[in-house]
Amino acid sequence: MREAKMADSSANGLAFSPQTKARIAELLTRYPRKQGALIPVLWLAQEEFGWLKPAVLELVAAELQLSKASVLATAMFYTMLYKRPHGRFHVQICTNVACYLRGSDDLVATAVEVLGINPGETSEDGLFTLQQVQCLCACERAPTLQVNKTDYFDVTPNQFRALLEQLQTDGLRLGPSIGWPGADESTNPPDASTGTEASYA
Amino acid sequence: MPEHRLLLRTHLGVDFTKLDNYLKHGGFKMWPRALELGPAGVIAQVKASGLRGRGGAGFPTGTKWGFLPKDERPRYLVVNADEGEPGTFKDRYFLEEDPFRQLEGILLSAYATNAHICYIYIRGEYWNSKDVTEDAIAQLYSAGWLGKNIQGSGFDLEVYMHTGAGAYICGEETALIESIEGKPGMPRLKPPFPANWGVFGMPTVVNNTETLAAVPVILEMGGKAWADLGTPNNGGTKLVGVAGHVNKPGLFEVPMGTPIREIIYDLGGGVLGGADILAIIPGGSSCPFLTKDEIDIPFDFDGLKNVGSMLGTACITVIAEGSDLIKVMGRVAKFYQHESCGQCTPCRQGTGWLHAIVEKLDAGAADEQAIDLLIDACNGIDGNTICAHGEAAAWPIRSICEKFRPQLEAEIRARAAA
Ligand SMILES: Cc1cc2nc3c(=O)[nH]c(=O)nc-3n(C[C@H](O)[C@H](O)[C@H](O)COP(=O)(O)O)c2cc1C
Ligand code: SF4
Ligand code: FES
């Protein structure tokens, strides 16, 4: 990303939808400084474009009149702001203490076996990203996991296997996604670079 | 045992996500009372209650409010709903099942501290909590309980949700403030404290969700009555969790000072399979672990402090005999390494060492000397960092090394023999 591009509010031909623009305008009224709206706007950008590729960050920087560097620094800090495309189904298994004590490692093994990928990986077909996640703070219902925005509590390996197989079937019908669950796929087709790390240099 | 139902109202079977139901059960009754008392009167009640922060540190809430400078700058109220401490599941209850309790607490506290903007900083992974709380806020705006001239009182309050994005460290109040400002969540050096220099450089009160949810209850029963519920200096009731190796994991409410044994055995249903306790984590994994001989102490801030641990978030994790403590320690070490913001060398490097050493132990590639190495690394972190994340990593690990050494040595020998 070169600085010169910053002024261009439709960086690399990307532009926010009118609805997102309106939500950004409302968000800006909530904070005395524009940068306060940065994380909420990054969330909106992720919802719209699937993940925060460099061009999206440039668009955000232009929209909020912030330096590219500050937008990048913030985007890099937060794990839920995606710097690379994720699978259609983001499977996150809690393996912290309480879940470990109640069998979370069996769930990880089940996922590895069914999906054929290790934690931290995205399947080649772009359908699944598997991750171990830190305590989801529902430990009284351990073991816990999340698929996209949905929680699953008190999960047994058999239930989990059935869930994953169902998702595999759904996935074959739906195809790979553009990253963030629910991102607008009508205007943003799946990214060709699925699975590769973007260059933010 | 004396279970209380002041904060936790699941037993009523009422859908408290609907404003009508909340109002029917006495909701917002404390607003006219607050107007009668005036801001100073509300603060006086909270001071009299002895309410101590439910986010983990236990700082007296009324005192904190009193630190706000008497100048003309706009004040902010920030709610710490970034629940993320491993082992904890209490704020989730308010955020998902009784959202107006927190919001009534916010209104009363904002009135008491003369704040007109409130940000609720909510954990990114809490999708359901976000939806429920956002919806509750919308219901309040349409019913005139938020916004301009609330219920004709002349008091204005805007409440906004600000969603985190997967960084545990943003639970630390100054990291949280940085995050609201749109920056990486790196804790600030204190002083200046948020009361003087908080969000956008303005005077700011940061309180935990449960702390604020207690405020309406305190006004209703009176500060003194709340204080009398608990033990001296540890007033009131507390949400407590029990998870891990117990028969009935769950969330409960007890007066401060209830013995840990009663919480585990009477409420949590005792240890799975009737096993003995190996260790417990009293209030989230940042707290030094306790042995089974330490569970007769009163469960409150001072009781835990007296045995060198902390009440923390008051959600207990029970670890039964026969468990693998090296593996448990591995989960703890991994977490703090992953969540270190990286600003201070002792925390950034030290948490990495802790994790690496424990991994070696787990792989059977280290001997008993590694225990001393771990203690040494913990000592190198302790007291040498900007925020308490460093200690949160060092204290539990050191406590395991010091209190459970024979157990660790047995596990090391077993791995060597395997
Ligand atoms: C590493 C770290 C993580 C923290 N996480 C939380 C948290 O998730 N929720 C919370 O309320 N307080 C958390 N705290 C404590 C806050 O810094 C702060 O003390 C608290 O929000 C003050 O509110 P209270 O006085 O009502 O407890 C954390 C502190 C540290 C050092
Ligand atoms: S102690 Fe750790 S988390 Fe806290 S500021 Fe230092 S590096 Fe960051
Ligand atoms: S340890 Fe898994 S939800 Fe808390």
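**Exercise 1. Find the volume of the largest pocket in this predicted model, and work out which parts of the protein line it.**

Solution. Start with the space itself: the volume of the largest pocket is about 1400 Å³. Next, look at its walls. The lining consists of 50 residues, and those nearest the centre are B:Gly55, B:Gly56, B:Ala57, B:Gly58 and B:Ala388. Now turn to the helices and strands. In chain B, strand E4 (204-208), helix H11 (301-306) and helix H15 (389-403) are the elements that give two or more residues to this lining. E4(B) gives the most, with five residues. Finish by sorting the lining by class: 19 residues are nonpolar, 18 polar and 13 charged.

**Exercise 2. Identify the ligand that sits in the largest pocket and describe its surroundings.**

Solution. The ligand to look for is ligand 1. Around ligand 1 there are 19 residues, with B:Gly55, B:Asn80, B:Asn207, B:Asn208 and B:Thr211 coming nearest. B:Gly55 may look familiar, as it is also among the residues nearest the centre of the pocket. E4(B) returns too, giving the largest share of the shell, three residues.

Now check the polar contacts, for which the cut-off is 3.5 Å:

- A polar side-chain atom of B:Asn207 is 2.8 Å from an oxygen atom of ligand 1.
- For B:Glu173, a backbone N or O atom is 3.0 Å from an oxygen atom of the ligand.
- For B:Asp82, a backbone N or O atom is 3.3 Å from an oxygen atom of the ligand.

As a next step, consider how covered the ligand is. Alone, ligand 1 exposes 610 Å², and the protein buries 89% of that. By class, its shell has four nonpolar, nine polar and six charged residues.

**Exercise 3. Locate ligand 2 and sort its neighbours by class.**

Solution. Begin with the site: ligand 2 sits in the largest cavity. Then list its neighbours. It has 13 residues around it, and B:Cys341, B:Gln343, B:Cys344, B:Cys347 and B:Cys387 come nearest. Finally, sort the shell: seven residues are nonpolar, six are polar and none is charged.

**Exercise 4. Determine which chains contribute to the second largest pocket.**

Solution. This pocket has a volume of about 720 Å³. Of its 41 lining residues, A:Thr79, A:Gln92, A:Gln131, B:Gly166 and B:His338 are closest to the centre, so chains A and B both contribute. The elements agree: helix H4 (68-77), strand E1 (89-94) and strand E2 (128-133) of chain A, and helix H12 (325-339) of chain B, each supply at least two lining residues. H12(B) gives the most, with four.

Key: Residues numbered from 1 in each chain as written. Chains lettered and ligands numbered in written order. Predicted model: local features only at pLDDT ≥ 70, side-chain atom pairs only at ≥ 80, totals over all residues. Heavy atoms only, no water. Near = heavy atom within 4 Å. 1 Å grid on protein atoms, 1.4 Å probe; cavity = no way out; pocket = protein on both sides within 12 Å on 5 of 7 lines; lining within 4 Å. Sits in = over half its atoms within 2 Å of the grid points. Nonpolar A, V, L, I, M, F, W, Y, C, P; charged D, E, K, R; others polar. Points joined across faces, edges and corners; volume = space filled by probe spheres on them. Polar contact = N/O pair within 3.5 Å; in protein donor to acceptor, adjacent residues only side chain to side chain. Areas by Shrake-Rupley, 256 points an atom, 1.4 Å probe, with all protein chains shown as cover.
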